[in-house]
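Let's take a friendly walk through a protein model. Have the sequence and the 3D view open while you read.

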Amino acid sequence: MGIENQLTGDNILVTSLNKLVNWSRSNSVWPCTFGLACCALEMIATSLASFDISRFGSEVFRPSPRQSDLLIVAGTVSKKMAPMVKRVYDQMADPKWVIAMGACASCGGTFQSYAVLQGVDQIIPVDVYLPGCPPRPEALLAGLMKIQEKIRTENLNQRPDFKPGERYETQVPKVELIR
Ligand code: SF4
């Protein structure tokens, strides 16, 4: 039974702009087509028929960051790659959200080395961290649902702005060449 069956006659619907915008945003979160390492395979699997990310309105993996609202950082972030990750994030239009998928993106994982960033939150803000090596597609869908919950409770006037130094460093780490 659709809403049109409930609205016969002269009925009206009343809601707030806040709820309407959040409802539409939360059901059309478009991820950026972007993967870094093995976790990206699980991200790709999430869009297959057996997991079906389109149930959440997020099947449209966009080829450009300018058309995306969700950055799924899926894989190890090397210090050499970090400036590109930050550039992709900066090119996304606001409002935007980030999932750190897997141990590597969340905290460097097993790679405690000079070449690997120990968590992507050192260069961009992260909304949801997914544990696991790699997290299964169901875990990514659970993370997506957390993002949706977050969007639905946001106030349009109170979305946190970029505050340098508070949530993450603004400087991309220097890449040192080892000779
Ligand atoms: S968390 Fe595990 S599966 Fe994911 S990128 Fe790191 S090593 Fe690969």
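Which exposed residues does the face of α4 turned away from its buried side carry?

## Two faces of a helix

They are R87 and D90. Keep in mind that this is a predicted model.

Now turn helix α4 (residues 82–91) around: A82, V85 and Y89 are buried. Those three cover an arc of only 60° around the axis, which puts them on the same side of α4. Part of what covers the buried residues of α4 is β1 (70–74).

## The sheet

That brings us to the strands. In general, strands of a sheet pair through backbone hydrogen bonds, either parallel or antiparallel. Here, three strands make an open sheet in the order β1-β2-β3, and the pairing is parallel. At the edges stand β1 and β3 (128–130), each with a single partner strand, so one side of each has no neighbour in the sheet. On average, neighbouring strands of this sheet are turned by 15° against each other, direction ignored.

Take a look at β1 and strand β2 (residues 97–101): they pair in the parallel sense over five bridges. For instance, L71 has V98 in β2 as its bridge partner. Helix α3 (residues 39–46) packs on the sheet and touches β1 and β2, with its direction at about 135° to that of β1.

## Around the ligand

Who sits around the ligand? The residues there include A37, C38, C39, G75 and T76, as well as C133 and P134. Helix α5 (residues 102–107) gives the largest share of this shell, three residues.

As for character, the shell divides into seven nonpolar residues, four polar ones and no charged ones.

Conventions:
Residues are numbered from 1 along each chain as its sequence is written. This is a predicted model: local features need pLDDT of at least 70, side-chain atom pairs count only at pLDDT 80 or more; totals for chains, interfaces and linings use all residues. A residue is near a molecule or strand if its C-beta atom, placed from the backbone, lies within 6 Å of it. Helices (H or I, at least four residues) and strands (E, at least two) are DSSP runs, numbered from the N terminus. Ala, Val, Leu, Ile, Met, Phe, Trp, Tyr, Cys and Pro count as nonpolar, Asp, Glu, Lys and Arg as charged, and the others, Gly among them, as polar. A residue is buried if 20 or more other C-beta atoms lie within 10 Å of its own, exposed if 12 or fewer, and partly exposed in between; C-beta atoms are placed from the backbone. The arc is that of the directions from the helix axis to the C-beta atoms. Two residues are in contact if their C-beta atoms, placed from the backbone, lie within 7 Å. Two strands pair if DSSP finds at least two bridges between them. Axes are lines fitted to C-alpha atoms, for helices over the stretch in contact, and angles run from 0 to 180 degrees between N-to-C directions.
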